[in-house]
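Welcome, and thanks for bringing your viewer along. Load the model, pick a representation you like, and let us walk through it one selection at a time.

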Amino acid sequence: MVAMVKQCMISSTVTTSEDYKLLENMNKLTSLKYLEMKDIAINISRNLKDLNQKYADLQPYLEQINLIEEQVAALEQAAYKLDAYSKKLEAKYKKLEKR
């Protein structure tokens, strides 16, 4: 009976020890994964800062593009008005020419 209890205790101790080793290995792997994720996050942060800097460098050019776009729209409107006026003028000319 004592031998059986002894064997049961040894078996329980071995199982617990193996469980702790497994947990230790899982913790080490988890720690490595977190380090990898940290490196990835650092790279993403660095790349985001680079992109923000590039955008800031491009901002004056983007503002110029917007200004040119507004000026082109205004010029286009002026061209439409000039076209409409020239058509009216042409119609008046043709009307006077018929007299």
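## First stop: L58 and its neighbours

Select L58 to begin: with a relative accessibility of 46%, this leucine counts as partly exposed. Keep in mind as you look around that this is a predicted model. L58 sits in helix α1.

Now extend the selection to Y55, Y61, L62 and I65. Together with L58, these side chains make a nonpolar patch on the surface. How much accessible area does the patch have together? The figure is about 520 Å².

## Zoom out to the whole chain

Switch to a cartoon and show everything. The secondary structure of the protein chain amounts to one helix and zero strands. Helix α1 covers residues 2-98.

Next, draw a box along the principal axes. The C-alpha atoms fill roughly 135 × 30 × 10 Å. For a chain of 99 residues, a compact globule would have a radius of gyration near 13 Å, whereas this one has 41 Å.

To get a feel for distance along the chain, pick the C-alpha atoms of Q7 and L82. These two residues are 75 apart in sequence, and their C-alpha atoms lie 105 Å apart in space. L82 also belongs to helix α1, and with a relative accessibility of 57% it counts as exposed.

Try colouring by accessibility. What share of the 99 residues is buried? Buried residues make up 0% of the chain. The surface the chain exposes comes to about 9800 Å², of which carbon and sulfur atoms supply 63%.

## Salt bridges along the helix

Colour by charge next. The chain carries 16 positive and 14 negative side chains, and the centres of these two sets are 8 Å apart. Side chains of opposite charge can pair when their charged atoms come close. How many salt bridges does the count come to? It comes to four, and here are three places to stop.

- **K33 and E36.** Show both side chains and find the salt bridge between them, at 3.7 Å from N to O. The two residues are three apart in helix α1, so about one helical turn separates them. E36 is partly exposed, at a relative accessible area of 43%.
- **D83 and K87.** Here the closest N and O atoms of the salt bridge are 3.4 Å apart. These partners are four residues apart in helix α1, which means a separation of about one helical turn. K87 is exposed, with a relative accessible area of 51%, while D83 is partly exposed at 36%.
- **E90 and K94.** This salt bridge has its closest N and O atoms 3.5 Å apart. Again the partners are four residues apart in helix α1, so about one helical turn lies between them. Both ends are partly exposed: K94 has a relative accessible area of 44%, and E90 has 43%.

## Last stop: a positive patch

Finish by selecting K88, K92, K95 and R99. What kind of charge gathers in this patch on the surface? The four residues form a patch of positive charge. Centre the view on K88, which lies in helix α1. K88 is exposed, with a relative accessible area of 59%.

Before you close the session, try showing two selections together: the nonpolar patch of Y55, L58, Y61, L62 and I65, and the positive patch of K88, K92, K95 and R99. Give each its own colour, then add the side chains of the three salt-bridged pairs: K33 with E36, D83 with K87, and E90 with K94. With the cartoon of the one helix behind them, you have the stops of this tour in a single view.

Key
Residues are numbered from 1 along each chain as its sequence is written. This is a predicted model: local features need pLDDT of at least 70, side-chain atom pairs count only at pLDDT 80 or more; totals for chains, interfaces and linings use all residues. Side-chain values use heavy atoms; hydrogens and water are left out. Patches are made of residues with over 30% relative accessible area and no salt bridge: like charges are joined within 9 Å, nonpolar side chains (Val, Leu, Ile, Met, Phe, Trp, Tyr) within 5 Å. Accessible areas come from the Shrake-Rupley method with a 1.4 Å probe; for residues, only the protein chains shown count as cover. Lys and Arg count as positive and Asp and Glu as negative; His and the chain ends are not counted. The place of a charge is taken as NZ of Lys, CZ of Arg, CG of Asp or CD of Glu. Buried means under 20% relative accessible area, exposed over 50%, partly exposed in between (1.4 Å probe, protein chains only). The radius of gyration is taken over C-alpha atoms; the globule rule is 2.2 Å times the number of residues to the power 0.38.
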